[in-house]
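Here are some exercises to work through with the model open beside you. Try each task before reading its solution.

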Amino acid sequence: MAYKPLRINRLGFQLTGGKQTPPLRSCEANHHASDEEATMSEPKTKYDRQLSFVETIDLNVSDPVAHKHIPYVVILVKVADEWTRSHSGNLPSSREEKKQFKDNYKEAIEAAFKVFAPRGISSEIQQICNDTSCAEPNSNSSDFWVMVAALKAPLEGSIPDMTSSTELSATASKIYQSKAEADFLVMEKRVKNILKKIGRDLSSISKPTIKSFCKNARKLKVCRYRMVEDEFSNPCVTEIQKCLADEDYSGAMGFYVLLRAVDRFTANYNKFPGQFDGGMDEDISRLKTTALSLLADLGCNGSVLPDDLINEMCRFGASELHVVAAFIGGIASQEVIKLVTKQFVPMLGTYIFNGIDHKSQLLTL
């Protein structure tokens with residue numbers, strides 16, 4: 001069934017927007033440079049070839065140019081190996097140990113956190129792997145969940161930017177790519193075994209799709225949204241009450257309620273509040289009554305909205321400002337691209353923009 005991915009409501013300087021996508025979306029989350037993978041925390045037996053390459057490089061080389069172009073991953077692996085030999089096989093964990101570990105190698109120092117990082121995959125990826133959607137894949141499972149079921153943290157195959165000679169960089173790159181290809185072949189075999197088990201065509205998930213999944217396996221994210229329909233029919237009363245009582249969120253929550261109240265006002269009176277000259281006081285009174293009725297429907301009996309917000313909403317008089325329209329158009333198109341391409345992480349919640357204070361906020365409603 002076709003659906004509109006976003007619902008946007010705007011008036012004057014205010015707008016609200018929310019997703020109307022199905023409740024489950026999977027995407028390849030963008031990652032920062034700090035997320036680049038490092039392999040020194042993995043068992044040594046898993047990377048014999050990498051270690052053999054590292055052992056061929058002498059950190060005490062006399063040539064300053066050659067010394068400068070030693071890849072920092074080599075420095076990290078060597079120093080980490082020396083550390084583990086003198087610390088019962090353990091990598092640095094305490095603050096003092098991490099401080100002792102660092103030396104005067106600038107790039108290695110900046111990347112030293114990779115040695116301190118906990119072993120294994122992140123808790124977020126582990127949570128995805130433990131999701132019920134991939135526990136027992138079947139013929140109705142999406143390609144994404146079939147590949148998650150086959151997942152075992154493959155190497156993505158690219159190396160981070162670093163100062164290095166062309167020769168050393170090429171050698172390191174080949175090692176990474178070789179391991180990534182081996183991981184892909186294992187992953188492909190596991191995917192086909194699952195496809196065979198659930199009775200699907202073995203070629204229904206293509207090699208490029210599996211390779212892309214392997215490349216982004218450490219950066220996966222599953223986003224579950226509430227439909228706007230659910231937001232309207234089954235509101236999170238406690239969250240709404242909390243936002244109304246919170247000084248930082250009361251303004252955004254107030255405009256959210258008022259924008260919905262304007263929709264109800266328009267349906268009842270066939271015009272926007274303040275749309276026509278004259279009758280402003282009457283429109284303010286009507287909008288206030290409508291807003292209080294809406295608050296009661298939302299389970300917030302006794303809650304009130306500031307008069308200045310109600311007056312401001314009526315003052316807009318159904319106006320649509322070019323700058324606000326352009327701004328929200330950019331936000332909306334960016335979110336649609338994320339949803340369609342499943343790249344980068346979409347905003348989670350109802351987006352509120354207050355053009356008066358130049359403030360954007362996300363509410364979980």
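A search of the whole structure finds 14 salt bridges, where a salt bridge is a side-chain nitrogen of Lys or Arg within 4 Å of a carboxyl oxygen of Asp or Glu. This is a predicted model, in which local features need pLDDT of at least 70 and side-chain atom pairs count only at pLDDT 80 or more, while totals for chains, interfaces and linings use all residues. Residues are numbered from 1 along each chain as its sequence is written, and side-chain values use heavy atoms, with hydrogens and water left out.

**Exercise 1. Find the partner of Lys 221 and state which elements the pair ties together.**

Step 1. Lys 221 forms a salt bridge with Glu 124, with the closest N and O atoms 2.7 Å apart.

Step 2. Lys 221 lies in strand β4 (residues 220-224) and Glu 124 in helix α7 (residues 123-129), so the salt bridge ties together parts 97 residues apart in sequence. Helices (H or I, at least four residues) and strands (E, at least two) are DSSP runs, numbered from the N terminus.

Step 3. Check the accessibility, where buried means under 20% relative accessible area, exposed over 50%, and partly exposed in between (1.4 Å probe, protein chains only). Lys 221 is partly exposed at 24%, and Glu 124 is partly exposed at 37%.

**Exercise 2. Decide whether Asp 143 and Arg 200 are buried or partly exposed, and describe how their side chains meet.**

Step 1. The two side chains, Asp 143 and Arg 200, meet in a salt bridge of 2.6 Å, N to O.

Step 2. Asp 143 belongs to helix α9 (residues 143-149) and Arg 200 to the loop between α10 (166-197) and α11 (207-215), so this pair ties together parts that are 57 residues apart in sequence.

Step 3. With 28% relative accessibility, Asp 143 is partly exposed, whereas Arg 200 is buried at 17%.

**Exercise 3. Work out the surroundings of Glu 231.**

Step 1. Place the residue: Glu 231 is in helix α12 (residues 228-233).

Step 2. Look for an opposite charge, counting Lys and Arg as positive and Asp and Glu as negative, with His and the chain ends not counted. Glu 231 is buried yet has no salt bridge, and Arg 260, the nearest side chain of opposite charge, is 5.0 Å away.

Step 3. Turn to polar contacts, which are pairs of N or O atoms within 3.5 Å; within protein, one must be able to donate a hydrogen and the other to accept it, and residues adjacent in sequence count only if both atoms are side-chain atoms. The side chains of Glu 231 and Tyr 256 are joined by a polar contact of 2.6 Å.

Step 4. List the contacts (heavy atoms within 4.5 Å). Beyond its neighbours within four places in sequence, Glu 231 touches Arg 226, Tyr 256, Arg 260, Thr 350 and Leu 365.

Step 5. Follow two of those contacts into α14, where Tyr 256 and Arg 260 are among the buried residues.

**Exercise 4. Describe strand β5 and its pairing.**

Step 1. In β5 (residues 350-354), five of the five residues are buried.

Step 2. Thr 350, Ile 352 and Asn 354 point one way, and Tyr 351 and Phe 353 the other way. In a regular strand the side chains alternate between the two faces of the sheet.

Step 3. β5 runs antiparallel to strand β6 (residues 359-363), joined by five bridges; two strands pair if DSSP finds at least two bridges between them. Thr 350 has Leu 363 as its bridge partner in β6.

Step 4. The hairpin of β5 and β6 has four residues between the strands, and His 358 takes a positive phi near 55 degrees there.
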